[in-house]
Each structure stands twice: as C-alpha cells, then as structure tokens.
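User: I've got a model here and would like to see how its labels are earned. Can we go through some of them?

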Amino acid sequence: MKSLEQLNLSHKYTQLPDNFYSPQVISQLFNPKLAGFNDSVAELLGLDPEQKKREDFSDFFNGAKPFPGVNPIATVYSGHQFGYYVPQLGDGRAMLLGEVTNNNGETWEIQLKGAGPTPYSRNADGRAVLRSTIREFLCSEAMHGLGIPTTRALCLFDSETPVYREQVERGALLVRVAESHLRFGSFEFFYHHGLHDDLKLLADYVINHYYPHLLDSNNPYLALLQTIIHKTAKLIAQWQAVGFAHGVMNTDNMSILGLTLDYGPFGFLDSYNPGYICNHSDTNGRYAFDQQPYIGEWNCSAIAQALIPFLTIEEAKAALNEFKPYYTICYLEIMSRKLGLQNSALENKTLIDELLKLLEQNNVDYTLFFRELCFFNSRENNKNESIRDLFINRESFDNWANIYKSQLQKDNQDDADRARQMQQENPKYILRNYLAQQAIEDAEKHNYETLENLLKVLQSPYDEHEQFEHLAQLPPDWAQEIIISCSS
Ligand code: AMP
Ligand code: MG
C-alpha cells in the first residue's frame, strides 16, 4: 500500500491534441476538512487508507501540495441537454488530477469536483456545495454496493469557502474515481465541430485503452458503438430494476464505459410510481423514471450520430435496433432473479408486468416489497400475510401470489435456499432521499458520523445490519417536502 507521494500520478489524455483539454490550477478551498473517506476505494488505488490521518492529506487534493509531476486538466465536451444540443460544455467544475496504476495493472482516473472554475465553466463558479457532494459521495458507493456500474468516490472535503446558490452554502470537494470519465458528449463535441480527425483520435484512444479487444473486429468503431449501446442498455435495466432515477440523463452525463455518472437530483423510488420525477427542475418529466429506457436509447442515437463518419447509416441503425431487445432481456433477467424464478426470463414478462401494476395501484414500497418477498412461503395453504398486508387490495395480491406460487412450485426449490439467494438480489438498504438529507443536515453541523454510518451500510446493502435497522425504514412524512433540483 502506497503513500500519497508514491501514487505516481500521470496523464495519458494529454497525449491527445491541445484542444482536447486545458491545464488547470486548483482554486483552493478555505480550511478544507476531510468529511468522508472510503477505505475500499483507497485500496482500489493502492493507497494506504491510513494516509487519511496525515495532517497534510487535504493539501494534495486542494492544490496546496500538488502531486509531483502532473498538472490537473479539464476536458472539453458538449452534449444534448434536455433534448437540445449545447455546443460547448466540458469539465466546468471538474479537474482530472491524473491517473494511477494499481497492483493489478488497472488504471484509475482521479478527478476533483468543485476545485474552481475552468475555461468550460460558462460563468459559473466551478464549485460544488456540501449537500450535493455528500449525495454524490453516498450514492456512487451505494450503487457500487448494489452491483451497478458507477464512478466511485475516494473522499470528500468540507470547507469554509462560501458558495452562492439560492442561499449561501459551504463549498466542498469530491474526489471521484473511475477508469474513465469520458462521456457521449466528448464524442459529440468533435463530431459537431466538424473535427473528424480529432474524433478519430478520440475513438482510437477509447478503443485502445478501454476496449482493446475490439481491435480484432472488422470495424472497431462499429464494435465500439455496439458495446456502448449494450453497456448503456444493461446499465439502465439495472437502474429500473433497483428503482433508481438519474434525473439528468443529458448526453454529457452518459459514460462511454456504461457507468452511472454525474449524480445530481437522482432519487430512488419509495412507493412504486413509474412516472416519478426526481428532478424538480424537470417540469416536463423528460427524465421521469419510466422514461429512462427510451432516453437511454435516444442518447445512444446521439453517440451513433457522432460516430457516423466511421459507419454506414445501415450499420448505425442496426446497432441502435439492438438497444430495445437487449434492454428488455437484461431487465427481465434481473427481475426474474429478484423474484427468485428459475425459468427463462422472457416467460416471466406477464407475471412481472402484473406485479408492477399491483405495486403501483396499491402504493407499495418497491424496495420493502421485494425484500419481504424473499421470505415468501410457497406452501399451498400459506397466505403470506406479512407481504399481503402491504397491499390495500389484498385479494389482488392473492391472485398474483397464486400464479407466483405455482411457478415457484414448478421450480421446486427449497424456500430457505431461495430466500438466501433472493436476499442477494433485493437490497434491504437504499439511499432514500431522507437518509441523504439526515447525513447532510448533520454534516452541515460539522457532525460527519451519520454520513460515515450510512456509507458503511450502503456499501453492503444486501446484508442485515442489526445496529442500523432504522436505515431500512420507510420515509417519514417530512421526506415528501424534500425538493431536489439541478442546483448543486
Ligand atoms: P450538470 O448538469 O451538473 O451535469 O452540468 C452541466 C455542465 O455545467 C457541465 O459541463 C458542468 O461542468 C457545468 N457546471 C455545473 N455546475 C457548475 C458550476 N457550479 N461551475 C461550473 N460549471 C458547472
Ligand atoms: Mg454533468
């Protein structure tokens, strides 16, 4: 395990031409204070977690003691925001510090979020407030714990720098980690500016470093598009199955590695409401929960467009046509596992659709229902009262449960075995808004313990945490008043 000095940061993105990025100087936060630290990401980087105890730990990330040999950079991109093309975006408040190679030979980018303005900040301050930083820190680790591809987070710093949003808030700094933070919008920038030579350099960079196996295919650029489409479809299937709404699925927030990227006004479903809009600024519901698969496909068409110089129209169309069926099969497979069913996933479509309809009609909490379902008793005379009681219309549950039961009986699996298996598919703990809110309010009072405990539980959301049973509770009434917008 290495010290900070031994991490040996470097850049490979700077091998690309100058117009891909711009060198940055960190605008230091005043009195940065470590507010959250993630040992498992430290280990991923090969960094000794004990380094967090160093007096000068924050100096390395706050620009007071720069990592030797590397300058931070901000990268350029563009993207479609709420359906409209915006030609100039970029890392407006993110800076890539560099990347490290761990003992397994994996390279991980270390990025700061909130380190001050860059040429891509478009008159904004380049800062991130404590509340949004805590939400991203917690949610990215929660997603990882759930087994959903995501950027990670090493740590976050609170500070005394005032940041002006609707009111004055404290500035914070997130240290984000991913193999790559490149977005669909990175490709769109070079395509829409007519810089097709640069576009090719970017595509080659992505293929060489992240998808080298694609070099064996007839057209690696087509294979790249197909891979991105598959990864995106699968990611969104995972979101839908766990009840996660991203909130701002603009193409500049879509990862070319199929990671969940850029946590803003996200939300997890409480009761099952397919039309759930987590982003208060999304007045038309473009990014409502049940729209995500369509938007995912729409976003893939934006990257297909950007790669068109290397493809025929027919190839691009055929690749895009794979999104829907691939999404559907991924989703049905996950849902079948959540239900503990062993038959082929496509056969379960009606059962799943019927169940979702019932959950919606009866206002049943999505996470709680599936966790309770793990303990479903498949014996003929058992009414499964505790699950049944979650429904307003209990007879409607009985009808569904009878069909479910007959399917389970065909599988002929021991209930206890299935329960064990299903608990690994149905989390007990998710990052409900009210839990994030409690961690934020305590952190705003300089108490970071709630955050620390929540992180610990969310990192293994399928396990029981007896001491933290309350974190699996349904949201209190006040949770309905939490408003999450794009402001961050
Ligand atoms: P987002 O909606 O957070 O994905 O941001 C869209 C674009 O605005 C990205 O290019 C961000 O880097 C940029 N941006 C958002 N907030 C800020 C900020 N406070 N300062 C500078 N740039 C920002
Ligand atoms: Mg973004």
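User: Why is asparagine 8 called exposed or buried, whichever it is?

Analyst: One thing up front: this is a predicted model. Asparagine 8 has a relative accessible area of 62%. Exposed means over 50%, so asparagine 8 counts as exposed. You'll find asparagine 8 in the segment before β1 (21-23). Asparagine 8 also has a positive phi, about 60°, although it is not a glycine.

User: And what makes asparagine 31 exposed, partly exposed or buried?

Analyst: Here the relative accessible area is 43%. Buried would need under 20% and exposed over 50%, so asparagine 31 ends up as partly exposed. Asparagine 31 sits in the loop between β1 and β2 (33-37). Its phi is positive too, at about 50°, and asparagine 31 is not a glycine either.

User: Which residues coordinate the magnesium ion (ligand 2)?

Analyst: Asn253 through OD1 and Asp262 through OD, at 2.0 to 2.1 Å. A donor has to be within 2.8 Å of the metal, so those distances qualify. Water is not among the atoms, so the site may look incomplete.

User: How do you know whether asparagine 253 and aspartate 262 are buried or exposed?

Analyst: Set them against the cut-off for buried, under 20% relative accessible area. Asparagine 253 comes in at 10%, so asparagine 253 is buried. Aspartate 262 has 14%, so aspartate 262 is buried as well.

User: What makes α9 and α10 roughly parallel, perpendicular or antiparallel?

Analyst: Helix α9 (residues 323-338) and helix α10 (residues 349-361) pack at about 75°, with axes 10 Å apart. Roughly perpendicular covers 65 to 115 degrees, so α9 is roughly perpendicular to α10. On the α9 side, Tyr331, Leu332, Met335 and Ser336 make the contact, and on the α10 side Lys349, Ile352 and Leu356 do. By type, those contact residues split into five nonpolar, one polar and one charged.

User: Which residues have the most contacts inside the largest nonpolar core?

Analyst: Phe187, Phe369, Trp400 and Leu431, in a core of 134 residues. Helix α6 (residues 220-242) gives the most to this core, with 14 residues. Apart from it there is another core, of 28 residues, including Leu4, Val41, Phe60 and Phe61. As background, nonpolar side chains tend to be buried together in soluble globular proteins.

User: What does leucine 431 touch, leaving out residues up to four places away in sequence?

Analyst: Among the residues leucine 431 touches are Arg135, Leu138, Phe266, Phe268 and Leu458.

Technical notes: Residues are numbered from 1 along each chain as its sequence is written. Chains are lettered from A and ligands numbered from 1 in the order in which they are written. This is a predicted model: local features need pLDDT of at least 70, side-chain atom pairs count only at pLDDT 80 or more; totals for chains, interfaces and linings use all residues. Side-chain values use heavy atoms; hydrogens and water are left out. Donors are N, O and S atoms within 2.8 Å of the metal (3.2 Å for Na, K and Ca); water is not among the atoms, so sites may look incomplete. Buried means under 20% relative accessible area, exposed over 50%, partly exposed in between (1.4 Å probe, protein chains only). A nonpolar core is a set of buried Ala, Val, Leu, Ile, Met, Phe, Trp, Tyr and Cys residues joined through side-chain atoms within 4.5 Å. Helices (H or I, at least four residues) and strands (E, at least two) are DSSP runs, numbered from the N terminus. Contact means heavy atoms within 4.5 Å. Axes are lines fitted to C-alpha atoms, for helices over the stretch in contact, and angles run from 0 to 180 degrees between N-to-C directions. Angles under 35 degrees count as roughly parallel, over 145 as roughly antiparallel, 65 to 115 as roughly perpendicular and the rest as oblique. Ala, Val, Leu, Ile, Met, Phe, Trp, Tyr, Cys and Pro count as nonpolar, Asp, Glu, Lys and Arg as charged, and the others, Gly among them, as polar.
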